[in-house]
Amino acid sequence: GLMLRAWAERDARVREALDANGLWERQRELPMPRRLRRVFLLEPDDGAPHAIADGLARWHELGMIALIRHRLAFEEPGAVAALHRALDAAEGQWEWGTLDAMIVEPGTGFAFRALSDPGLAQRLCTFPVPILTRRTRSVTLLDGLAFRSFDTAPELAALLIEILHRELREA
């Protein structure tokens, strides 16, 4: 109880600061992706199956999307630095002109405090393409600042399918 309350209070202060600087809503102000050709996936390095990662891998195998997978341990020491390195790689793809979305699949775990790091949150707010994520059990700053945040993998998958369908209709 006490630890969770302290985390929530800290997150509220970070959110207020991001909001005061006009950053908190930035992701949600981005347009919906018009296509889904190149996707950057942040996924847990836990060896377990994850519905979103598995579905994206199938689409990649079928040639529907290009998938860049970046695995990391979200709850291990050094997770914040690993997440910054992953963002560097994703930004490199965007600068190359070929990134449509970043998807964060945190996997299972308890706190995911790295996803509430103030510096990381600021960077995520200003990330140039939509961030889509599956919410964790313990609320993180990422859950609130992302372009879209979903309770389940099927909900996230439904949006991805909707983007693909729209792209086909407009082709």
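In the counts below, Ala, Val, Leu, Ile, Met, Phe, Trp, Tyr, Cys and Pro are taken as nonpolar, Asp, Glu, Lys and Arg as charged, and the others, Gly among them, as polar. On that scheme, the lining of the largest pocket in this predicted model splits into seven nonpolar, three polar and three charged residues.

The pocket itself offers about 200 Å³ of space. Its lining is made up of 13 residues, and those sitting closest to the centre are A8, D11, V139, T140 and L141. Two elements, α1 (2-20) and α6 (141-145), each hand over two or more residues to this lining. Helix α1 is the top contributor, with six residues.

Then there is the enclosed space. Rolling a probe the size of a water molecule over the atoms is a handy way to show where empty space is left. In this structure, just one cavity reaches 30 Å³ or more. The largest cavity comes out at about 40 Å³. Its walls are formed by L42, L83, L87, V104, L115, L120, L124 and L142, with α4 (79-95) and α5 (118-125) being the elements that supply two or more of the lining residues. Sorted by class, that makes eight nonpolar residues, with no polar and no charged ones. The pocket lining, by contrast, does include three polar and three charged residues.

Now for the fold as a whole. The protein chain contains seven helices and five strands. Going along the sequence, these elements come in the order α-α-β-α-β-α-β-α-β-α-β-α. Contacts often bridge long stretches of the chain: taking those between residues at least 6 apart in sequence, 77% link residues at least 24 apart.

As for overall dimensions, the C-alpha atoms fit in a box of roughly 50 × 35 × 25 Å along the principal axes. How does the radius of gyration of the protein chain stand against that of a compact globule? A compact globule of 171 residues would be expected to have a value near 16 Å, and the protein chain has 16 Å, so the two agree.

Finally, a look at what is covered and what is not. Residues count as buried when their relative accessible area is under 20%, and buried residues account for 48% of the 171 in the protein chain. The accessible surface adds up to about 8,800 Å², and carbon and sulfur atoms own 54% of that area.

Conventions: Residues numbered from 1 in each chain as written. Predicted model: local features only at pLDDT ≥ 70, side-chain atom pairs only at ≥ 80, totals over all residues. Heavy atoms only, no water. 1 Å grid on protein atoms, 1.4 Å probe; cavity = no way out; pocket = protein on both sides within 12 Å on 5 of 7 lines; lining within 4 Å. Points joined across faces, edges and corners; volume = space filled by probe spheres on them. Helix = DSSP H or I, 4+ residues; strand = E, 2+ residues; numbered from the N terminus. Rg over C-alpha atoms; globule rule 2.2 N^0.38 Å. Buried < 20%, exposed > 50% of the residue type's maximum accessible area, 1.4 Å probe, protein only. Contact = heavy atoms within 4.5 Å. Areas by Shrake-Rupley, 256 points an atom, 1.4 Å probe, with all protein chains shown as cover.
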